[in-house]
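Please walk me through how the helices and chains of this structure meet one another, going from a single pair of helices to the contacts between chains.

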4 protein chains.
Amino acid sequence: MAAKRSATHGISNREQILTAASALFIEQGVEQTSLRAIAGRAGISTGTLFYYYATKSELIFDITDRHFDRITARLLDWVGQAHQSQTPAEILGVVFQTIVQDDLRGRLHHYLIEQALTSNGGVRERFQQKYQEWRAMLQQGLAQVEIPAGDRELVAQIILAALDGFVIQSVLGVADIPLNSIAAYLAAHCKEVS
Amino acid sequence: MAAKRSATHGISNREQILTAASALFIEQGVEQTSLRAIAGRAGISTGTLFYYYATKSELIFDITDRHFDRITARLLDWVGQAHQSQTPAEILGVVFQTIVQDDLRGRLHHYLIEQALTSNGGVRERFQQKYQEWRAMLQQGLAQVEIPAGDRELVAQIILAALDGFVIQSVLGVADIPLNSIAAYLAAHCKEVS
Amino acid sequence: MAAKRSATHGISNREQILTAASALFIEQGVEQTSLRAIAGRAGISTGTLFYYYATKSELIFDITDRHFDRITARLLDWVGQAHQSQTPAEILGVVFQTIVQDDLRGRLHHYLIEQALTSNGGVRERFQQKYQEWRAMLQQGLAQVEIPAGDRELVAQIILAALDGFVIQSVLGVADIPLNSIAAYLAAHCKEVS
Amino acid sequence: MAAKRSATHGISNREQILTAASALFIEQGVEQTSLRAIAGRAGISTGTLFYYYATKSELIFDITDRHFDRITARLLDWVGQAHQSQTPAEILGVVFQTIVQDDLRGRLHHYLIEQALTSNGGVRERFQQKYQEWRAMLQQGLAQVEIPAGDRELVAQIILAALDGFVIQSVLGVADIPLNSIAAYLAAHCKEVS
DNA sequence: GATGAATGAGTTTTCATTCAT
DNA sequence: AATGAATGAAAACTCATTCAT
């Protein structure tokens with residue numbers, strides 16, 4: 001279902017399609033984007049598009065994969081570099097900032113959630129897996145933030161959920177989300193039981 | 001834009017439409033639900049549907065209104081009855097349980113968010129207003145939970161975001177969301193600065 | 001088909017309908033104007049509209065009648081007052097100006113022509129009658145303009161046709177129609193054979 | 001916006017569509033002709049029609065273009081061959097006869113005028129351009145009819161307008177339009193100032 | 001590998017007209 | 001006389017998908 005290499009520049013076409021599709025999905029939503037439009041922006045014919053993706057669902061599937069990979073990569077980065085930031089507040093702040101403020105990915109994220117709810121495909125299962133995965137990664141990252149080992153799982157859960165919630169608000173344009181204060185607050189209060 | 005009552009049983013028809021539309025939106029998503037299907041389930045003709053709602057957007061708008069009213073009502077309930085539960089943990093737990101576990105409303109919520117992102121209409125503005133409103137209500141409710149006045153705003157923000165996040169996970173079927181432990185943890189750690 | 005008086009203020013309603021319909025026909029064209037819209041602007045219900053006009057065709061018929069009456073009245077005026085203007089050029093100029101420059105009536109005229117071509121009704125026959133009638137009236141008016149009696153019929157034909165032609169151009173917004181020069185030219189050249 | 005040729009028999013399809021559309025527009029009027037009917041007569045599916053013309057407006061636009069081209073071609077013919085006819089009266093007579101008596105094109109002409117008035121599209125602007133163009137062509141043609149140079153513009157205006165007027169009457173079926181006498185009269189009286 | 005013309009079932013929307021009250 | 005809710009048939013438009021080349 002995902003990329004199969006070939007001798008010619010098929011890969012390049014696949015890239016072209018995925019890039020075009022991502023962009024259009026973000027701009028207009030998944031349902032509102034026609035395959036013809038995707039082919040058009042990718043600079044290929046609809047026939048060619050169908051050569052690579054026999055179904056719109058398949059294409060959405062690949063887009064989802066990519067999207068997940070990017071989120072995961074971002075989290076990995078964060079886990080790896082977490083110790084470089086001095087204070088716990090700063091460490092948390094970084095996640096909040098980078099994830100919440102990427103509006104484009106935020107929009108895509110929600111369009112894909114809708115696909116997960118709507119389409120029968122495996123998208124939903126992938127989401128379930130990924131959320132578990134991200135939770136685990138967050139937990140790892142938190143190990144470096146002086147949070148008592150026993151609390152890490154809960155804190156990771158809260159942060160993961162809050163992230164999604166703030167992404168929603170950001171994407172909707174809800175005003176006044178004091179991300180930094182929130183990160184600081186969480187850092188301070190989760191450090192140890194009062 | 002919202003319901004105009006009439007002498008005859010026009011109300012009944014409007015109700016019928018809204019009920020049918022809500023149900024179908026929840027089952028299949030907003031985009032996937034055709035007006036014909038709504039009319040069919042409501043037991044009226046497409047022409048009659050048009051008589052009440054000249055546009056799919058208008059109908060969505062009314063559905064959104066209703067949805068918001070229910071959420072608000074639920075929060076009002078909670079604010080009013082918060083003192084009846086004994087412990088802060090219990091008080092928080094109630095919100096989490098009642099809101100997160102109403103999967104149907106959760107689905108609708110996210111379909112409507114997609115509408116807000118996609119359609120240019122006023123739906124998005126309504127969302128912005130409502131989120132501000134709900135945040136304020138949460139703050140009020142928290143006044144009864146021994147949280148230092150200065151922190152209430154941030155805590156309300158966190159809880160509101162986390163609620164949305166958990167709704168997403170619940171709707172997606174992500175396993176193992178220990179809502180009660182989370183409520184307890186939040187109640188314990190937000191009570192006062194360590 | 002036309003106005004039947006009644007004891008109550010039925011007449012007033014009829015007037016209301018005709019006024020609203022004329023206005024909307026001119027603004028949007030006959031086809032584009034729904035009966036619901038007419039009823040709305042007339043301040044009555046669709047049911048009432050149908051009480052007065054059982055069919056859209058009937059309404060169009062009455063509007064056409066009114067329109068014809070106004071054109072005829074204008075021509076009658078002109079015939080009656082033709083001698084008051086001094087020069088033949090001025091006399092002709094008056095018809096051209098008053099008829100061509102009434103854009104609203106011009107639009108309506110062409111929308112009604114389309115009805116005549118399209119609908120099966122008697123509208124077309126009415127047009128045929130009226131054009132003959134108007135031609136005769138023009139001929140009468142020309143009697144006062146020193147045109148040799150033998151030529152009057154042809155000149156009336158030419159003027160009548162040219163009028164319609166200039167109305168088209170005026171309504172379409174074609175630039176530079178020197179109506180006065182044209183009237184002067186016609187007056188000068190038709191007076192007598194060179 | 002206009003025809004783009006393709007390697008296969010796409011041309012044939014486009015032609016098919018334009019032919020079917022023209023015929024139906026003439027028979028029933030533009031508004032009364034459904035795209036389905038056009039597709040039906042063209043022997044293609046509605047989807048295919050959409051493939052060539054994404055919008056009814058686009059199709060109308062192309063039809064308009066074609067219609068204009070034919071009128072222009074006819075006038076060009078006339079300008080080129082004007083000297084072959086002997087008398088000025090005959091020369092004028094040719095235009096009147098050929099243009100006025102083509103009832104089909106006359107009907108189409110008026111349906112398209114309605115489109116120009118109704119739809120906001122570029123149709124109206126095209127009409128304005130074309131009328132200026134035709135006026136200039138008529139002027140050129142008149143150069144060969146012994147009309148004093150100074151009068152040619154006015155005469156062209158009058159003839160152009162009268163043409164439209166007679167087309168209307170012809171299409172409406174108004175009786176007794178002595179086109180030849182009129183041409184003769186115009187030829188005689190415009191030749192030189194009395 | 002690549003094309004793009006072709007399709008048909010589907011969508012939202014429109015509206016003249018009817019009729020019980 | 002007057003209402004306005006109700007209708008069904010039809011309109012324009014959309015689009016994922018197929019297939020001959």
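The paragraphs below take up a helix pair within one chain and then two contacts between chains.

The model is a predicted one, and a convenient place to enter it is chain D, where the axes of helix α6 (residues 103–118) and helix α7 (residues 123–142) come within 7 Å and cross at roughly 120°. Because an angle counts as roughly perpendicular from 65 to 115 degrees and as roughly antiparallel over 145, α6(D) and α7(D) are oblique to each other. On the side of α6(D), the residues that take part are Leu112(D), Gln115(D) and Ala116(D), and they meet Val123(D), Arg124(D) and Phe127(D) of α7(D). Sorted by class, this contact has 4 nonpolar residues, 1 polar and 1 charged.

Both of these helices reappear where chain D touches chain C, a contact in which 45 residues of chain D are matched with 44 residues of chain C. At least two residues of the chain D side come from each of α6, α7, α8 (152–172) and α9 (179–190), and α8(D) supplies the largest share, 14 residues. By class, the chain D side consists of 23 nonpolar, 14 polar and 8 charged residues.

The contact between chains A and B takes 42 residues from chain A and 44 residues from chain B. On the chain A side, two or more residues are given by each of α6 (103–118), α7 (123–142), α8 (152–172) and α9 (179–190) of chain A. Here α8(A) gives the most, with 14 residues, while the side of chain A as a whole divides into 22 nonpolar, 12 polar and 8 charged residues.

How values were computed. Residues are numbered from 1 along each chain as its sequence is written. Chains are lettered from A and ligands numbered from 1 in the order in which they are written. This is a predicted model: local features need pLDDT of at least 70, side-chain atom pairs count only at pLDDT 80 or more; totals for chains, interfaces and linings use all residues. Axes are lines fitted to C-alpha atoms, for helices over the stretch in contact, and angles run from 0 to 180 degrees between N-to-C directions. Helices (H or I, at least four residues) and strands (E, at least two) are DSSP runs, numbered from the N terminus. Angles under 35 degrees count as roughly parallel, over 145 as roughly antiparallel, 65 to 115 as roughly perpendicular and the rest as oblique. Two residues are in contact if their C-beta atoms, placed from the backbone, lie within 7 Å. Ala, Val, Leu, Ile, Met, Phe, Trp, Tyr, Cys and Pro count as nonpolar, Asp, Glu, Lys and Arg as charged, and the others, Gly among them, as polar.
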